[in-house]
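Q: Got a minute to go through this one with me? I'd like to start with the ligand and then wander around a bit.

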Amino acid sequence: EIMKNLIPFIAYLIVLSCQNSKSDVDLKVKNLLSQMTLEEKIGQMNQYNGFYDATGPAPDGEDQKIKYENVKNGLVGSMLNVRGVDEVRAFQKLAVENSRLGIPIIFGFDVIHGYKTVFPIPLAESASWDLDIIEMSAKMSAKEASAAGLNWTFAPMVDISRDARWGRVMEGAGEDPYLGSLIAAARVKGFQGSDLSSYETIASTAKHFAAYGFSESGRDYNTVDIGMNTLHNIVLPPFKATVDAGVKTFMNSFNDLNGIPATADKYLQREILKGDWNFDGFVVSDWGSLREMIDHGFARDRKHAGELALNGGSDMDMESYIYIDHIKELLDEGKVKISQIDDAVRRILKVKYELGLFDDPYKYLDNEREKNITGSKEILDATLEVANHSIVLLKNEGNILPLKKNDQKIAIIGPLADDKNSPLGNWRTAAENNSAVSVLEAMREYKGNKISHAKGVKLVNKIPAGFHEEVSINETDKTGILNAKKIAKDADVVIMVLGEYGFQSGEGRSRTNLDLPGFQQELLEEGYKVNKNIVLVLMNGRPLILNWHNENLPAIVEAWHLGSLSGTAISNVLYGDFNPGGKLPMSFPRSVGQLPLYYNYKSTGRPGADGEDAGSVFWSHYQDELNSPLYPFGYGLSYTTFSISEISLSSDEFSNGESINASVSVSNTGNIKGREVIQLYIQDKFASATRPVRELKGFETVDLEPGESKTVEFIINEKLLEFYNGDNKWVTEPGEFNVFIGNSSQTTNSTSFNFR
Ligand code: BGC
């Protein structure tokens, strides 16, 4: 009896102690804040790019001297692009040992798909549809980055994008808000772990807030003008998912949204993020985005930009030096409030406390650990697992794949076949150049076959190597094609490794043409003239146009930019040591003219399906191209085959507070073990705002032995039916819904139910 009475009391004590530790941090922050001068507060809101080699003597350039003094005087809250234990320690020491209050610096870096050991680009990883693997990838990246002294990554990028012209699609999870939200949350959990104060975890950033992925015409940094419907139903859900997953920081974006540069957007940052969503971390600007508001024609001058940004909810200024220069003056003039400054600083200090930096500013700095963890086998092995699962088999006719392991003559052709750089992708920030395993190297590991090799078309250096290396695929010299043709003719199978050079996608890398760059198409077609047994292995950071390829080639393997062990993963798949199971996270268009292209489009008042009504004119279509993509969202093949049963519903109606189950039985009908991703789509047939023709609302990866079957069950409740309507509210409306379950967004396996 006594025990019974004690239980609620003990539970109460536990709750109290948890609250204590939370309010403990709040109390410490409050206490520290009360000791800070205005200058010191403003300093916390100031972030510098690494400006000199901190392990050397003090700098002598004028700008550098000012920055150096600011670090010493506690006027720098954060630095980016300072990495490696010795470098970070030197800066941290400078700040902690010289400044009045000894507040530690938080060190940020773009750990986007790995640090030194490179994981597949995020778009590729997303093709795995495997949340455990994606979380693990972020966890390993955090482990390696934190061992190099870093506390904070500017990832994940959770921008939904429907336009393959935009080079930054490689950094995100593709076009779908449901898949994008789950992947966003998995990445945050991976980076931050369950204990942020551990030296193996780092704070993460949801970026770019918001709608950067909708840059007009797919041109980077371009303007965005979208309505509330798209903003709330498509763009914002992944951001909200990161808040729910406990993300510590947000980064705003370069674009303006409906006339307001995101950096100064009160609605986004103050009303939604810090208001409705209760986000209690801090918002960092994008690189120089405060200053860019002058070019936007939104801020009169630098000082005005500072006023707009702070009022708009930006807490930290990345590389505009505007807060440090102007906030004091703005406060004196009454243009900004001290409460806004205090709130920004409170948020920043809080994250530093949570990282454990106040307990020990040097806790991430251990040379031994750096040595042991950087490039460790554990992390390298993890990249292979992720890379294997990222590959999407787009076509495989006549089972040309997997390749036979013996007595074959295999020609490996293409500018990317022996390239050890492209597979590292665009954000290989701390990786060594040319450190990936190439396809050629990995294929040579299989000794049973005879390998020949020709580049056919070479890579050319436009600008000498460096961070913003500009390499392209040769557009002036095609003399190599002749030799490539010779070896193709002589081979049993030709592997063409073609696509985009590693820096052809990414920031600032928009394209209007999504064909194979340079002379690669000519190389391919010339090769095809002498040998039709071609397997096309693609390396790219975005969807490409593959009509000719799909029509003519027996096999196409989408291998993206897969990171350090790219070649190993590709050869695993080509030889069938790994059965591919990836599914496209973005639609592959038939033509650039179709962009933006996405599976969850609106029906319109003049709908129609491809091929339907061929004689008619006045419906929503093109005269010269189909509406549908070449390869749809959610599509991908396997070396085995699967059958999916009709849908069975536990009931064909339900109401508020209830749910129904929708299930299918999936069987592996082929001869080898394989993975299928079963996808649930729902269509709201009639609503108070127009709804997409279907929307992904669930998925499950199923691993099956040959002959094995499993039942996959989805729970459908009112939450899944919710949408943001014309009255700017989240609602679930009664009515009839179609439900589809299959293995791509084009599945026709469907039934319907009523929500009352
Ligand atoms: C990018 C951000 C990145 C930042 C810092 C900017 O140009 O837009 O995504 O985090 O640079 O490197």
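**Ligand, cavities and backbone**

A: Sure. An oxygen atom of the ligand sits 2.5 Å from an N or O atom in the side chain of Asp-110, where a polar contact is a pair of N or O atoms within 3.5 Å. Keep in mind that this is a predicted model, with local features needing pLDDT of at least 70, side-chain atom pairs counting only at pLDDT 80 or more, and totals for chains, interfaces and linings using all residues. Residues are numbered from 1 along each chain as its sequence is written, and side-chain values use heavy atoms, with hydrogens and water left out.

Q: OK, and what is the distance from a ligand oxygen to the side chain of Arg-168? What about Asp-286?

A: For Arg-168, a ligand oxygen is 2.7 Å from a side-chain N or O atom. For Asp-286 the figure is 2.6 Å, again from an oxygen of the ligand to an N or O in the side chain. The protein covers 92% of the 310 Å² of accessible area that the ligand has on its own, by the Shrake-Rupley method with a 1.4 Å probe.

Q: Which residues are around the ligand?

A: They are Leu-80, Asp-110, Phe-154, Arg-168, Lys-207, His-208, Met-251, Phe-254, Asp-286, Trp-287, Met-318 and Glu-507, where near means a heavy atom within 4 Å. By class, that shell has 6 nonpolar, 1 polar and 5 charged residues. Ala, Val, Leu, Ile, Met, Phe, Trp, Tyr, Cys and Pro count as nonpolar, Asp, Glu, Lys and Arg as charged, and the others, Gly among them, as polar.

Q: Anything odd in the backbone there?

A: Lys-207 and His-208 are joined by a cis peptide bond, omega about -5°. His-208 is in strand E5 (residues 205-209); strands here are DSSP E runs of at least two residues, and helices are H or I runs of at least four, numbered from the N terminus.

Q: Where else is there a cis bond?

A: From Leu-595 to Pro-596, with omega near -5°. Pro-596 lies in the loop between helix H21 (566-574) and strand E19 (642-644).

Q: And what is phi of Glu-319?

A: Near 60°, a positive value in a residue other than glycine. Glu-319 lies in the loop between strand E10 (317-318) and helix H13 (322-332).

Q: Switching to sheets: what is the strand order in the open one?

A: E21-E29-E28-E23-E24, with mixed pairing; two strands pair if DSSP finds at least two bridges between them. The edge strands, each pairing on one side only, are E21 (653-654) and E24 (695-704).

Q: How many bridges join E23 to E28?

A: 6, and strands E23 (residues 674-684) and E28 (residues 735-742) run antiparallel. Gln-679 stands opposite Gly-742 in E28.

Note on methods: A polar contact is a pair of N or O atoms within 3.5 Å; within protein, one must be able to donate a hydrogen and the other to accept it, and residues adjacent in sequence count only if both atoms are side-chain atoms.
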